[in-house]
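Biologist: I would like to learn how to read a structure like this one. Could we take its features in turn?

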Amino acid sequence: MKFTALLKNSVSLLFTFIIVSHLLDVIRQPEIPPEINATALYDLQGNGFFLPQIPQDKPTLIYFWGTWCGYCRYTSPAINDLAKEGYPVVSIALRSGTEKEVGDYLTQHNYRFTTVNDPQGTIAQKWQVNVTPTIIILNKGKMSLATTGWTSYWGLKVRLFFTEFLS
């Protein structure tokens, strides 16, 4: 009898957590700037690119993070694993110092995803990103999903699966 009640309460708590998490994502959902396809982004090596140039065969993750962000320490390894699996990742290092400081941080943690430095928060402001980490999944150039706060590897895999499955 106690096990059944515990199971019921656990399932109820899980559904409540999922609903609250989804509501927070909807409330915090950023906006893609209309000029983003015509705006050049520059990675830490100074290479310029445009988001439409990224291959569209898989969803693209836009990852806003900071070296100072506690939750990003847990989310960045998942993003790195997805980049290793071939998912296009464009990360925006928000107010994290100079290109060298951001590059040193990436090297220290062995992160290999494409990174754009946003030392003043200009890019994040254009996207209306107010929380780190923020992960935006673009599918065929359109925002399919956005989530904020800590996210696990499997949480991202499920989101990517639904993004690909529902397109």
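Modeller: We will go through the sheet, then a helix, then the salt bridges. Keep in mind that this is a predicted model.

Biologist: How many strands does the open sheet have, and in what order?

Modeller: List strands by who sits beside whom, not by their place in the sequence. Here the open sheet has five strands in the order S5-S4-S3-S6-S7, and the pairing is mixed. Strands S5 (114-118) and S7 are the edges, since each of them pairs on one side only. From one strand to the next, the twist averages 20°.

Biologist: Which strands pair in the antiparallel sense, and which run parallel?

Modeller: S3 and S6 are an antiparallel pair with five bridges. In that part of the sheet, Tyr 63 is opposite Ile 135 of S6. S4 and S5 run parallel, and five bridges join them too. Ile 92 stands opposite Val 116 in S5.

Biologist: What packs on the sheet?

Modeller: Look for helices whose atoms touch the strands. H2 packs on the sheet with contacts to S3, S4 and S6, and its direction makes about 155° with that of S3. H3 also packs there, touching S3, S4 and S5, at about 145° to the direction of S5.

Biologist: S5 is an edge strand. Is S5 mostly covered or mostly open?

Modeller: Pairing and burial are separate questions. S5 is mostly covered, with four of its five residues buried.

Biologist: Now a helix. What span should helix H5 have, given 1.5 Å a residue?

Modeller: Compare the expected span with the distance between the ends. Helix H5, residues 153-165, has 13 residues, so at 1.5 Å a residue a span of 18 Å is expected. The C-alpha atoms at its ends are 18 Å apart, which agrees.

Biologist: Which residues of H5 are buried?

Modeller: Gly 155, Leu 156, Leu 160 and Thr 163 are buried. Viewed down the axis of H5, the buried residues fall within an arc of 130°, so they line one face of the helix. Trp 154 and Phe 165, on the other side of H5, are exposed.

Biologist: What do the buried residues of H5 pack against?

Modeller: They pack against strand S3 (60-65), helix H2 (72-84), strand S6 (134-139) and strand S7 (142-148).

Biologist: How many salt bridges does a search of the whole structure find?

Modeller: The search finds two. For each one, ask which residues take part, how far apart the atoms are, and where the partners sit in the sequence. In one, Lys 157 is joined to Glu 85, with the closest N and O atoms 3.0 Å apart. Lys 157 is in helix H5 and Glu 85 is in the loop between H2 and strand S4 (89-94), so this pair ties together parts 72 residues apart in sequence.

Biologist: And where are the partners of the other pair, Lys 100 and Asp 104?

Modeller: Both are in helix H3 (residues 99-109), four residues apart, which is about one turn of the helix. Their side chains meet with an N to O distance of 2.8 Å.

Biologist: Are these four residues buried or exposed?

Modeller: Read the relative accessible area; exposed means over 50%. Lys 100, at 58%, is exposed, whereas Asp 104 is partly exposed at 41%. Lys 157 counts as partly exposed at 23%, and Glu 85 is partly exposed at 34%.

Notes. Residues numbered from 1 in each chain as written. Predicted model: local features only at pLDDT ≥ 70, side-chain atom pairs only at ≥ 80, totals over all residues. Heavy atoms only, no water. Helix = DSSP H or I, 4+ residues; strand = E, 2+ residues; numbered from the N terminus. Expected span 1.5 Å × (residues − 1). Buried < 20%, exposed > 50% of the residue type's maximum accessible area, 1.4 Å probe, protein only. Arc of directions from axis to C-beta. Contact = heavy atoms within 4.5 Å. Salt bridge = Lys/Arg side-chain N within 4 Å of Asp/Glu carboxyl O. Pairing = 2+ DSSP bridges. Axes fitted to C-alpha atoms, helices over the stretch in contact; angles between N-to-C directions.
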